[in-house]
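Visitor: I'd like to learn how to read a structure feature by feature. Could you walk me through one?

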Amino acid sequence: MVRKLACVAVLLALSVGLVMAEDFGVRIKKVDGNKITALKGAKFNKDAKKFEGGTEITLTATADVKVLTGKKNKETKKTEAGDAIEGGLKNERFTKIGDNGIGALVTTNDDGKVTQILVLAGKK
């Protein structure tokens with residue numbers, strides 16, 4: 001009985017550690033220094049031609065955050081890191097954000113701080 005309880009405790013500790021770091025999609029609405037305001041879970045409304053719904057969240061980027069273009073791998077259907085964006089969060093792309101924001105895949109560390117941003121290309 002004690003052995004089973006110990007095994008469950010170890011598995012629980014490992015699963016909590018894996019859940020802490022997270023990848024998720026957002027629509028970046030505003031960047032102010034290392035603070036990022038974004039919508040998580042927003043859906044595109046074709047009639048209004050804008051993103052609606054979702055939850056507004058504020059994220060903090062680490063000092064050495066990697067800001068890269070995201071490329072969709074057609075074989076694996078996953079987004080992979082592409083070229084670095086010059087200037088990172090200070091790039092003009094983040095200072096002049098349009099009404100629909102910028103689509104991005106964000107990676108956070110165990111502390112909840114953003115370590116990597118993959119900027120997704122919009123549909124043409």
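Visitor: Let's start with one residue. In which strand is the place of V26?

Guide: First, keep in mind that this is a predicted model. As for V26, look in strand β1.

Visitor: And is V26 buried or exposed?

Guide: The general idea is to check the relative accessible area, where under 20% means buried. V26 has 5% relative accessibility, so it counts as buried. Then look at what surrounds V26: leaving aside neighbours within four places in sequence, it is in contact with A38, L39, K40, I57, I102, G103, A104 and V106. You can also set sequence against space, since V26 and G41 are 15 residues apart in sequence and 6.9 Å apart in space, C-alpha to C-alpha.

Visitor: How would I zoom out to the whole fold? How many helices and strands are there in the protein chain?

Guide: Count the elements, then read their order. The protein chain has two helices and eight strands, and along the sequence they follow the pattern α-β-β-β-β-β-β-α-β-β.

Visitor: What share of the 124 residues do buried residues make up?

Guide: Buried residues make up 29% of the 124 in the protein chain. On the outside, the chain exposes about 9100 Å², with carbon and sulfur atoms supplying 54% of it.

Visitor: What about contacts across the sequence? How much do residues 24 or more positions apart account for?

Guide: Take the contacts in the chain with a separation of 6 or more: residues 24 or more positions apart account for 51% of them. For one residue pair, try T62 and T108, which are 46 residues apart in sequence and 9.3 Å apart in space, C-alpha to C-alpha. T62 is found in strand β5 and is buried, with a relative accessible area of 15%. Not counting residues up to four places away in sequence, T62 touches N109, K113, V114 and T115.

Visitor: Let me try a threonine in another strand. Where does T37 lie, and is T37 buried or exposed?

Guide: T37 lies in strand β2, residues 35–40. With a relative accessible area of 18%, T37 is buried, because the cut-off is under 20%. Its contacts, again leaving aside neighbours within four places, are R27, I28, K29, K30, E56, I57 and T58.

Visitor: Now backbone angles. Which residue has a positive phi although it is not a glycine?

Guide: That's K77, with a phi of about 60 degrees. To place such a residue, check the elements on either side: K77 is in the loop between β5 (55–73) and β6 (78–84). K77 has 62% relative accessibility, so it counts as exposed.

Visitor: And what does K78 touch, leaving aside its neighbours within four places in sequence?

Guide: K78 is in contact with K71, K72 and N73. K78 is found in strand β6, and it is exposed, with a relative accessible area of 55%.

Visitor: How do I read charge pairs? What is the count of salt bridges?

Guide: Side chains of opposite charge can pair when their charged atoms come close. In this model the count comes to two salt bridges. In one of them, the side chains of K40 and E22 meet at 3.9 Å, N to O. This pair links distant parts of the chain, with K40 in strand β2 and E22 in strand β1 (residues 22–32), 18 residues apart. K40 counts as partly exposed at 32% relative accessibility, and E22 is partly exposed too, at 35%.

Visitor: Which side chains meet in a salt bridge at 3.5 Å, N to O?

Guide: Those of E92 and K96. E92 is exposed, and so is K96.

Visitor: Last topic, pockets. How much space lies in the second largest pocket?

Guide: About 200 Å³ of space lies there. Once you have a volume, ask what lines it: the second largest pocket has 13 lining residues, and G33, N34, G88, L89 and K90 lie nearest its centre. The elements that give two or more residues to this lining are β5 and α2 (92–95).

Visitor: Which element gives the most to that lining, and how do its residues divide?

Guide: β5 gives the most, with four residues. The residues of the whole lining divide into six nonpolar, six polar and one charged.

Technical notes:
Residues are numbered from 1 along each chain as its sequence is written. This is a predicted model: local features need pLDDT of at least 70, side-chain atom pairs count only at pLDDT 80 or more; totals for chains, interfaces and linings use all residues. Side-chain values use heavy atoms; hydrogens and water are left out. Buried means under 20% relative accessible area, exposed over 50%, partly exposed in between (1.4 Å probe, protein chains only). Contact means heavy atoms within 4.5 Å. Accessible areas come from the Shrake-Rupley method with a 1.4 Å probe; for residues, only the protein chains shown count as cover. A salt bridge is a side-chain nitrogen of Lys or Arg within 4 Å of a carboxyl oxygen of Asp or Glu. On a 1 Å grid over the protein atoms alone, a cavity is a set of points where a 1.4 Å probe fits but cannot get out, and a pocket is an open set with protein on both sides within 12 Å along at least five of seven lines; lining residues have an atom within 4 Å of a point. Grid points are joined across faces, edges and corners, and a volume is the space filled by probe spheres set on the points. Ala, Val, Leu, Ile, Met, Phe, Trp, Tyr, Cys and Pro count as nonpolar, Asp, Glu, Lys and Arg as charged, and the others, Gly among them, as polar.
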